[in-house]
Amino acid sequence: MNPTAPIGREWGDLLNGPGVPGDAAERLSRFLDLLLRWGGATDLFGAADPGGLLDALVRDTLAALPWVPPSGRLVDVGSGNGFPAVPLLIARPGLHGVLLEPRERRWAFLKEAARESGLDAEVRRERVEEHRGSGYKVGTVRGVDAAAWAAAVPRLLAADGTWLWWTSAAKAGELERRASGGRVVTFALPCEGHGTLAVWERRST
């Protein structure tokens, strides 16, 4: 049994809307197949059940699509196993992605994932504090504590940029305290018990 097949069909159903490429389900399935092949050797899942975890990660990633623009540039911090950056870039083919991942094996996996999924993306073996890019329309991070990246957000984002953080409800309050010059809203992720999506919308005025 191919555990990615039903996920791909659900992806296609959920993304049946304007601006979503017709091959999104097939491209996501290729990414998930690659993720399962690399997962054990590269420790991309920990001790979790891959099938259930991937289903939840896809759904939790899709929850952010209303805040992801159709074009511009996206930066993802600590890209790890490719969530949320790879599915978001599949859904928004007009975006150029920059994925930051300092760990060698995960960096190598992400390079292959970008190629296999046909992404317009660069995969850089960098930490966020080393990255010199700026002017991003959207920034994404999943699971990484705010202390590791919050100080970099003002220089990374464009004046009208948005930062998306997949985290726990308890930690989401940190963004409220750190987000000067912007507005933070939080939403429970669709998979019960998976925490919160915190959205920091930066404003130029």
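The legends below describe several close-up views of a predicted model of one protein chain.

**View 1. The chain and its helices and strands.** The predicted chain holds 7 helices and 7 strands, and when the elements are read from the N terminus on, their order is α-α-α-β-α-β-α-β-β-α-β-α-β-β. The chain has 205 residues, of which 49% count as buried.

**View 2. The largest pocket and the residues that line it.** The largest pocket of the model has a volume of about 160 Å³. Its lining is made by V77 and G78, by L100, E101, P102 and R103, by E126, R127, V128 and E129, and by V144 and A148. When these lining residues are sorted by their chemical character, 6 are nonpolar, 1 is polar and 5 are charged. A pocket of this kind can be found with a computed probe: rolling a probe the size of a water molecule over the atoms shows where empty space is left.

**View 3. The aromatic pair of W67 and F187.** The count of aromatic pairs in the model comes to 6. In one of them, the ring centres of W67 and F187 lie 4.9 Å apart and the ring planes meet at 40 degrees, and because this angle is neither under 30 degrees nor over 60, the pair is classed as tilted. W67 belongs to the loop between α3 (50-62) and β1 (72-77), whereas F187 belongs to strand β6 (residues 182-188), so the pair ties together parts that are 120 residues apart in sequence. W67 is partly exposed, its relative accessible area being 23%, and F187, with a relative accessibility of 37%, also counts as partly exposed.

**View 4. A cluster of aromatic rings.** Which residues are linked by ring pairs into a cluster? The cluster consists of F31, W38, F83 and F109, which are joined to one another through such pairs.

**View 5. A charge placed over a ring.** Here the charged end of R73 sits over the ring of Y136, at 4.2 Å from the centre of that ring.

**View 6. The buried residue T140 and its polar contact.** T140 is part of strand β4, which covers residues 136-142. Is T140 buried or exposed? The relative accessible area of T140 is 0%, and because any value under 20% counts as buried, T140 is assigned to the buried residues. The side chain of T140 is in polar contact with the side chain of D76, at a distance of 2.5 Å.

Technical notes:
Residues are numbered from 1 along each chain as its sequence is written. This is a predicted model: local features need pLDDT of at least 70, side-chain atom pairs count only at pLDDT 80 or more; totals for chains, interfaces and linings use all residues. Side-chain values use heavy atoms; hydrogens and water are left out. On a 1 Å grid over the protein atoms alone, a cavity is a set of points where a 1.4 Å probe fits but cannot get out, and a pocket is an open set with protein on both sides within 12 Å along at least five of seven lines; lining residues have an atom within 4 Å of a point. Grid points are joined across faces, edges and corners, and a volume is the space filled by probe spheres set on the points. Ala, Val, Leu, Ile, Met, Phe, Trp, Tyr, Cys and Pro count as nonpolar, Asp, Glu, Lys and Arg as charged, and the others, Gly among them, as polar. Rings of Phe, Tyr and Trp (its six-membered ring) pair if their centres lie within 6.5 Å; planes under 30 degrees apart count as stacked, over 60 as edge-to-face and the rest as tilted. Helices (H or I, at least four residues) and strands (E, at least two) are DSSP runs, numbered from the N terminus. Buried means under 20% relative accessible area, exposed over 50%, partly exposed in between (1.4 Å probe, protein chains only). A charge sits over a ring if NZ of Lys or CZ of Arg is within 6 Å of the ring centre and within 35 degrees of the ring normal. A polar contact is a pair of N or O atoms within 3.5 Å; within protein, one must be able to donate a hydrogen and the other to accept it, and residues adjacent in sequence count only if both atoms are side-chain atoms.
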